[in-house]
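Q: Could you take me through the salt bridges here, one pair at a time? I'd like to know which residues form them and where they sit.

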Amino acid sequence: MHTVTISPKFQVVIPQQVREALQLLPGEKMRVLHFGNRVELIRVRDAKSLRGALAGMDTAIARESDRV
């Protein structure tokens, strides 16, 4: 867990270990969500970059007999 400080301009620095683990790049866009008592940052990605993200995913699910 990392602790950051809010600057007088209300900016924070994402710790280097987190940036590297998430492969964040300068200039990337993030969505900011207020959720309960916390702030969440979610990377904005275009649809093209998500192509193939679900490849190999197991899509077999148990279905009720009336849904087959």
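A: Happy to; here is a walk through the salt bridges, with a short look at a nonpolar patch at the end. The model is a predicted one, where local features need pLDDT of at least 70 and side-chain atom pairs count only at pLDDT 80 or more, while totals for chains, interfaces and linings use all residues. Residues are numbered from 1 along each chain as its sequence is written, and side-chain values use heavy atoms, leaving out hydrogens and water.

Side chains of opposite charge can pair when their charged atoms come close. A salt bridge here is a side-chain nitrogen of Lys or Arg within 4 Å of a carboxyl oxygen of Asp or Glu, and the count by this rule is two.

One of them joins Arg-43 to Glu-28, with 3.4 Å between the closest N and O atoms. This pair links distant parts of the chain, 15 residues apart: Arg-43 belongs to strand E2 (residues 38–43), and Glu-28 to the loop between H1 and strand E1 (30–35). Strands are DSSP runs of E, at least two residues, and helices are runs of H or I, at least four, numbered from the N terminus. Glu-28 is partly exposed at 31% relative accessibility; that label lies between buried (under 20%) and exposed (over 50%), using a 1.4 Å probe and protein chains only.

Arg-38 and Glu-40 also meet in a salt bridge, at 2.8 Å from N to O. Arg-38 is partly exposed at 43%, and Glu-40 is partly exposed too, at 26%.

As for the patch, Ile-6 lies in the segment before helix H1 (16–22) and is exposed, at 55% relative accessible area.
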